[in-house]
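Please work through the exercises below with the sequence and the coordinates open beside you. Each task is followed by a solution that proceeds step by step.

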Amino acid sequence: QVQLVESGGGSVQSGGSLRLSCAASGSIFRSYAMGWYRQAPGKQRDFVATITSDSTIDYDDSVAGRFTISRDNAKNTVFLQMNTLRPEDTAVYYCYRRQYNGQKWDEFWGPGTQVTVSS
């Protein structure tokens, strides 16, 4: 099992910045993808950004150029720097980790952290 602990959510005004962190612990394997989804009230959970163990990075078009995902491998931690925030970025942000255990891919999720952007 893998435990994910998120931090860094909060409330900001439009145009502001926040930095989310997600630390993984437990049964960590080296082949992985780690990143963020978000879910606004009444909507489905949507992809935000991901970074893989081979350094592949991908963003949803809605955040490309404003958000930056990075990682600290030594701490099994992924970060999401969110700049130029907009009210439509308001959501619960969920960290995830998919990793290959030698036989199959497993997926784990954090409890979520609230991001609120006011106009």
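The exercises that follow concern a predicted model, and they treat sheets, a disulfide, salt bridges and a nonpolar core in turn.

**Exercise 1. The open sheet**

Task: Determine in which order the four strands of the open sheet are arranged, and which strands lie at its edges.

Solution. Step 1: Following the pairing across the sheet gives the order β1-β3-β8-β7, and the pairing is antiparallel. Step 2: The edge strands are β1, spanning 2–7, and β7, spanning 67–72, since each of them pairs on one side only. Step 3: If direction is ignored, neighbouring strands of this sheet are turned against each other by 15° on average. Step 4: For a closer view of one edge, take β7 and β8 (residues 77–82), which run antiparallel and are joined by six bridges; here Phe67 stands opposite Met82 in β8.

**Exercise 2. The surroundings of β11**

Task: Describe how strand β11 pairs with β2 and with β9, and state which of its residues form the covered face and which the uncovered one.

Solution. Step 1: Strand β2, residues 10–13, pairs with β11 in the parallel sense over four bridges, and Gln13 stands opposite Ser118 of β11. Step 2: Strand β9, residues 91–100, runs antiparallel to β11 and is joined to it by three bridges; the bridge partner of Val92 in β11 is Gln114. Step 3: Within β11 (residues 113–118), Thr113, Val115 and Val117 make up the covered face, whereas Gln114, Thr116 and Ser118 make up the uncovered one. Step 4: Both kinds of pairing therefore occur around β11, and the general background is that strands of a sheet pair through backbone hydrogen bonds, either parallel or antiparallel.**Exercise 3. The disulfide**

Task: Find which cysteines are joined by a disulfide, and establish whether they are buried or exposed.

Solution. Step 1: The count of disulfides comes to one, and this link joins Cys22 to Cys95 with an S to S distance of 2.0 Å. Step 2: The angle about the S-S bond is -80°, and the link of Cys22 and Cys95 is left-handed. Step 3: Cys22 belongs to strand β3 (residues 18–26) and Cys95 to strand β9, so the pair ties together parts that are 73 residues apart in sequence. Step 4: Since residues under 20% relative accessible area count as buried, Cys22 is buried at 0%, and Cys95 is buried at 0%.

**Exercise 4. A network of salt bridges**

Task: Of the four salt bridges in the structure, identify those that involve Asp89 and Arg38 or Arg66, and say where the partners lie.

Solution. Step 1: Asp89 forms a salt bridge with Arg38, the closest N and O atoms being 2.9 Å apart. Asp89 lies in the loop between β8 and β9, while Arg38 lies in strand β4 (residues 32–39), so this pair ties together parts that are 51 residues apart in sequence. Step 2: Arg66 also forms a salt bridge with Asp89, and here the closest N and O atoms are 2.8 Å apart. Because Arg66 lies in the loop between β6 and β7 and Asp89 in the loop between β8 and β9, the pair ties together parts that are 23 residues apart in sequence. Step 3: Arg38, Arg66 and Asp89 are thus linked in a network of salt bridges. Step 4: The relative accessibility is 0% for Asp89, which is buried; Arg38, at 12%, counts as buried, and so does Arg66, at 8%. Step 5: Leaving aside residues up to four places away in sequence, Arg66 touches Gln81, Met82, Asn83, Thr84, Leu85, Arg86 and Asp89.

**Exercise 5. A salt bridge between Asp106 and Lys104**

Task: Compare the burial of the two residues whose side chains meet in the salt bridge of Asp106 and Lys104.

Solution. Step 1: The N to O distance in this salt bridge is 2.3 Å. Step 2: Asp106 has a relative accessible area of 18% and is buried, whereas Lys104, at 46% relative accessibility, counts as partly exposed.

**Exercise 6. The largest nonpolar core**

Task: State which residues of the largest nonpolar core touch the most other members, and which strand gives the most to this core.

Solution. Step 1: The core has 26 residues, and those that touch the most other members are Trp36, Leu80, Met82 and Tyr93. Step 2: At least two residues of this core come from each of β1, β3, β4, β5 (45–52), β7, β8, β9 and β11. Step 3: The strand that gives the most to this core is β3, with four residues. Step 4: To follow one of these members outward, list the contacts of Tyr93, not counting residues up to four places away in sequence; among them are Leu20, Trp36, Val48, Phe67, Leu80, Met82 and Val115, and also Glu6 and Arg38.

Key:
Residues numbered from 1 in each chain as written. Predicted model: local features only at pLDDT ≥ 70, side-chain atom pairs only at ≥ 80, totals over all residues. Heavy atoms only, no water. Pairing = 2+ DSSP bridges. Axes fitted to C-alpha atoms, helices over the stretch in contact; angles between N-to-C directions. Buried < 20%, exposed > 50% of the residue type's maximum accessible area, 1.4 Å probe, protein only. Contact = heavy atoms within 4.5 Å. Disulfide = S-S within 2.5 Å. Core = buried A, V, L, I, M, F, W, Y, C linked by side-chain atoms within 4.5 Å.
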